[in-house]
Amino acid sequence: MTGPAILLDHGSGGEKSDTLIEESILPHIINPHLAVLNDGASVSIGGHRLAISTDSYVVDPIFFPGGSIGHLAVHGTVNDVSMCGARPLYLSCALIMEEGFPVQDLERIMADMGAAAKKAGVAIITGDTKVVPRGACDKIFINTTGIGITPEGTAPSADKAKPGDAIILSGTIGDHGLAILSSREGLTFQSEIKSDTAPLNQMVSDIIAICPEIHVLRDPTRGGVATVLNEVASASGVHITLHEDNLPIRPDVAALGELLGLDPLYTANEGKLLAWAPREKAEAVLTAIQNSPYGKEAAIIGEVTSTTDHPHVTLTTLTGGKRRVPRLTGDQLPRIC
Amino acid sequence: MTQALAPVSAMQLTVCGVVQGIGFRPYIWRQAKRFGLNGRVSNTPSGVTIRVEGTPESLEQFVATLPTDAPPLAHITEFTHTPVTAEGYSDFLISESTHGEAVATLIPADIATCAECLDEVNDPANRRFGYPFTNCTNCGPRYTLIAGLPYDRPLTSMAPFPMCHACREEYENPADRRFHAQPNACSACGPHVFLQDNRGEAVPGAPITNAGLLLKQGKIIAVKGLGGFHLAVDAADNKAVSLLRERKKRPAKPFAVMCRDLTQARLVAMISPEEEALLNSTGAPIVLLRKTPESETLLAPELAPGVNTIGIMLPYTPLQHLLLKAGPPIQVMTSGNPSSEPVLVDNNVALDRLSQIADGFLMHNREILQRNDDSVTQVVKSQESLIRRARGYAPMPILLSRSLPPTLACGGILKNTLCLAKGNKAFLSQHIGDMENEETLDFFHHTSELMQKLLGIVPEVVAHDLHPDAASTRYAQSLKGVDLVPVQHHHAHIAACLADNDADGPVIGIALDGTGYGTDGTIWGGEVLLVEGNSFQRAAHLAGTPMPGGDAAVKAPWRMTAAHLLHHGILTAEEVGHRLPLPGHLFPTETVTLIKQMMEKGINSPTTSSMGRLFDAVSALIGTCTHVTFEGEAAIRLQAAAEKAWPQEPYPFSWHGEADTRIIHTASMFKGILDDMDKTRPVEQIAARFHATLVELFTVLCQKIRKETGLDRVALSGGVFQNRLLLREMLHALKNERFTVFTHHRVPAGDGGLSLGQAIVAGMGKSMPPAAR
Ligand SMILES: [Fe+3]
Ligand SMILES: [Mg+2]
Ligand SMILES: [Zn+2]
Ligand SMILES: [Zn+2]
């Protein structure tokens with residue numbers, strides 16, 4: 001083999017992913033619409049502002065506490081379209097299955113997709129099915145693409161965070177990542193941790209209804225809240241301060257995170273969003289989120305402190321210290337010497 | 001008949017090093033007078049330049065005595081003298097300075113109060129009686145109050161204090177001890193001290209006397225020192241010490257104390273002549289000393305529980321001398337900071353951040369411009385072995401046997417320092433701290449910029465650790481237009497050790513520490529490296545063991561016990577659960593099972609060959625430490641236990657592989673430990689046997705490597721070598737086998753020395769070490 005090969009870290013959502021995208025992917029396909037920083041792209045067609053987003057789902061295990069790959073494939077794309085400020089309308093669905101995959105499992109997944117789409121108010125209107133030889137993929141991979149309409153006056157984007165913005169998190173963090181991990185590895189840890197997979201389009205509509213100018217909307221999936229905060233800080237050229245005592249974390253998630261040595265701040269979520277709201281609208285946006293079905297535990301977790309040439313994220317700890325929350329290159333690595 | 005004139009010759013001399021701001025020119029003036037010489041002395045960019053004329057004999061005496069009689073603070077790095085033609089000077093004068101950008105003159109370190117100044121402070125008849133900021137050219141603050149060079153009062157934090165007439169006269173008189181002493185001051189013109197309560201209200205009366213009284217009453221006082229705040233309590237008052245522990249959230253880490261004088265220090269510690277010299281040295285570091293039996297009754301039990309050493313320093317400012325006289329004779333003097341943050345330097349910040357800890361604040365109105373913690377040192381086998389390099393040592397250069405391009409080395413993660421090097425000088429910064437909180441990162445950035453400015457070094461080469469997520473690595477990567485050179489952690493440790501000994505490769509490097517990123521992406525830390533120049537080979541290392549939970553395994557050493565016992569197939573999860581004392585875990589077996597699952601499934605369980613983690617594993621297994629409350633606690637407790645039962649027989653050990661692939665196995669050692677535990681052998685003996693095993697293991701390994709390579713020089717580095725028992729015994733064993741052994745003296749063996757090693761490796765060239773096979 002000549003030259004470097006793709007590593008698992010290249011898909012971690014950390015800096016290695018960025019480098020791969022910037023150096024090996026973008027140069028070949030670059031064009032003005034390519035929206036790298038956001039979850040989807042916005043285009044205008046026939047006077048309508050459309051948001052388009054695509055994602056592939058490769059989770060292991062495919063069934064887990066709180067949902068299945070079917071839920072993720074619908075919610076993930078619905079959420080990505082929603083984070084553009086758009087109302088998702090239609091999804092496509094492409095399936096890649098491994099020879100030998102039980103039909104029964106496929107049907108269960110499709111039922112989950114159907115139910116999830118119904119609940120989110122979107123229709124799956126086109127699809128594709130491929131089967132590959134045993135071992136060429138792991139059970140089932142699903143790709144969905146979503147399309148939605150963006151209301152006039154709304155254009156949230158990662159580069160729009162402004163000093164004074166309140167950063168609102170719509171609920172507890174780390175649930176999905178730890179639920180998947182414990183069920184995939186069959187950890188014998190007594191817990192009720194479930195994936196938080198959920199559609200967020202209603203929540204986004206409620207936010208936009210009272211704050212159409214919302215600055216940034218992001219769903220902290222892979223890489224968790226810490227990664228999204230760092231991405232937005234960099235894209236907007238700002239310093240972000242977080243408050244540890246405001247971070248909603250379920251006690252059992254915190255406990256398992258501690259046992260595994262994994263920081264929930266870097267752990268994936270599938271039904272949460274982060275909103276950057278102008279200060280004067282912060283309380284109203286928070287209330288709107290708390291009143292929506294998946295936002296009961298929403299909290300203001302921090303704010304944009306200033307513009308800076310050295311964008312970074314600081315966590316104000318319970319003891320009053322100020323800890324840097326860095327962007328990671330890949331997995332969480334030990335540092336203590 | 002004309003009278004025969006004595007032959008006149010002339011000489012031009014140049015002196016480089018720390019020769020500014022320490023009374024060097026007045027000293028030359030006095031020497032010239034002493035030998036009846038005429039001429040000039042001046043500060044120039046290339047050092048102090050001297051021109052002397054007189055009889056050949058007196059010139060000879062002048063040259064011979066110049067380095068030996070130099071003022072205590074002078075640090076002469078170069079001294080040249082060449083004959084020139086006489087110009088017929090009729091007097092000897094101190095000329096005005098010319099300033100430039102050369103690195104020939106160095107930034108002086110802060111110096112403990114000299115005996116003469118102390119006498120004045122204690123003399124009721126002296127105008128400086130009781131004045132807490134008394135200093136002279138031989139002593140006082142330097143680096144901590146410098147804002148820029150040239151080192152003149154306007155560029156120091158003494159700028160707001162114009163000298164009174166009396167002080168000005170001293171300052172301008174070449175015969176005076178205070179000639180050009182930039183911080184010169186007295187109670188009429190200089191800074192003053194005041195006492196406030198924790199709401200910032202002034203406490204009426206004499207500040208130092210009242211602070212002393214409060215200390216005697218068991219109160220906690222924040223005291224503004226030279227390089228930062230201290231928190232002081234009466235070291236004999238267990239209630240006060242416990243209260244400080246509780247408020248500072250520092251449950252067990254030993255506190256250092258300041259003793260009124262050597263007599264007080266001898267009551268609580270055994271002090272060798274070498275240790276006494278360090279206590280009295282101008283750097284006035286904290287010296288780790290062995291406790292006396294009497295210390296048990298004289299000092300609070302909570303002061304340094306479970307260890308047989310105590311960190312002691314002597315007062316190094318007049319303010320401290322006065323406070324130690326007014327208050328208890330032995331006081332805890334711990335850094336004034338909320339845990340994990342850098343020591344505080346600003347009055348208002350201290351009032352804000354320490355108001356929950358301190359009852360009173362003894363402060364003053366002179367700003368601390370450079371944060372500088374107390375240095376920590378110890379004596380091993382009659383030689384200094386520095387642990388934390390800061391006040392009194394930094395930023396004095398380490399002289400190198402080679403010449404480096406302008407280089408900045410950014411260090412590691414914990415206990416970090418940075419290093420600027422150019423030519424044959426490497427300037428190691430003061431201790432900066434753990435690079436995770438914002439204040440420490442700011443401090444790091446500030447120090448990097450300030451040192452570049454003061455030393456006039458514009459880095460062309462920038463060295464950093466291999467750890468991709470280290471803040472120091474990111475800082476290096478953010479610098480533009482420089483050559484970035486990643487340097488492997490343990491390679492840097494060995495290079496630092498060699499530089500400390502003015503030595504060069506090739507060498508057998510034994511680098512033992514907690515964690516350092518390896519060239520293969522695993523976490524190294526129990527390494528034998530063959531180091532030559534800017535490359536190395538990994539000759540041997542501890543067998544890879546998972547670290548279940550990553551950093552969580554560092555905080556809970558029992559995880560490493562479980563990892564070693566399970567991964568190497570010594571015990572089952574159930575057996576480990578039964579054996580391990582796991583406070584706070586209701587279901588030890590279930591917890592251990594989860595740990596086992598994590599390791600087997602590779603969940604957040606990076607592979608490590610760390611020696612620090614092996615200490616953790618053994619310490620938790622025999623119960624000396626299962627949960628750490630401060631860094632290195634498990635190893636420190638294991639060492640303390642081992643010292644009580646030394647010497648003991650080693651446990652068996654083994655390795656496999658040849659030459660550069662030797663892997664050291666610990667299974668037979670763990671079986672031996674478990675066996676001893678079953679026989680209820682005292683833990684002290686087990687701890688000692690563990691230390692003996694390491695000594696034996698590495699000695700045998702070195703012999704084997706010598707046979708293969710002919711190398712007979714060994715360098716010992718890495719944080720584990722702060723363990724004085726291990727260091728002493730390794731030194732002893734290797735020397736017995738006729739190895740030449742290099743250990744650390746002026747540069748810490750721990751990560752505080754890392755940046756120096758990085759600078760040297762990077763400066764030497766930019767080739768990377770070979771990837772491990
Ligand atoms: Fe190290
Ligand atoms: Mg996506
Ligand atoms: Zn003095
Ligand atoms: Zn004065």
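Me: Where is A:Lys139 in this predicted model?
Reply: A:Lys139 is in the loop between β6 (123–132) and β7 (140–149) of chain A. Strands here are DSSP runs of E with at least two residues, and helices are runs of H or I with at least four, numbered from the N terminus. Phi of A:Lys139 is near 60°, a positive value in a residue other than glycine. As for the ground rules, residues are numbered from 1 along each chain as its sequence is written, and chains are lettered from A and ligands numbered from 1 in the order in which they are written. The model is predicted, with local features needing pLDDT of at least 70 and side-chain atom pairs pLDDT 80 or more, while totals for chains, interfaces and linings use all residues; side-chain values use heavy atoms, leaving out hydrogens and water.

Me: What makes the contact of B:Glu438 and A:Arg324 a salt bridge?
Reply: The N to O distance between these side chains is 2.8 Å. A salt bridge needs a side-chain nitrogen of Lys or Arg within 4 Å of a carboxyl oxygen of Asp or Glu, so the pair qualifies. The count between chain A and chain B is one salt bridge.

Me: What else is there between chain A and chain B, beginning with how many residue pairs in polar contact?
Reply: There are 11 such pairs, with both residues at pLDDT 80 or more. A polar contact is a pair of N or O atoms within 3.5 Å; within protein one must be able to donate a hydrogen and the other to accept it, and residues adjacent in sequence count only if both atoms are side-chain atoms. On the chain A side, α4 (175–185), α7 (251–260), β13 (312–316) and β14 (322–324) each supply at least two residues. Contact (heavy atoms within 4.5 Å) takes in 31 residues from chain A and 40 residues from chain B. The area buried is about 3,000 Å², and carbon and sulfur atoms give 55% of that; buried area is the accessible area (1.4 Å probe) that two parts lose on being put together, summed over both.

Me: Why are β4 and β5 of chain B called edge strands?
Reply: Each of them, β4 (75–84) and β5 (92–94), pairs on one side only. They belong to an open sheet of five strands in the order β4-β1-β3-β2-β5, with mixed pairing. The twist averages 15° from one strand to the next.

Me: How do you know that β2 and β5(B) pair?
Reply: Strand β2 (residues 38–44) and β5(B) share three bridges in the parallel sense, and DSSP must find at least two bridges for a pair, so they meet the rule. B:Gly39 stands opposite B:Phe92 in β5(B).

Me: How is helix α2 of chain B directed relative to β1(B)?
Reply: Helix α2 (residues 56–68) runs at about 5° to β1(B) and lies across β1, β3 and β4 of chain B. Angles run from 0 to 180 degrees between N-to-C directions of lines fitted to C-alpha atoms, for helices over the stretch in contact, so the helix and β1(B) point almost the same way.

Me: Which strands are at the edges of the sheet in chain A?
Reply: They are β9 (216–218) and β14, each pairing on one side only. This open sheet has seven strands in the order β9-β11-β8-β12-β10-β13-β14, with mixed pairing. Within the sheet, β10 (residues 238–243) and β13(A) pair in the parallel sense over five bridges.
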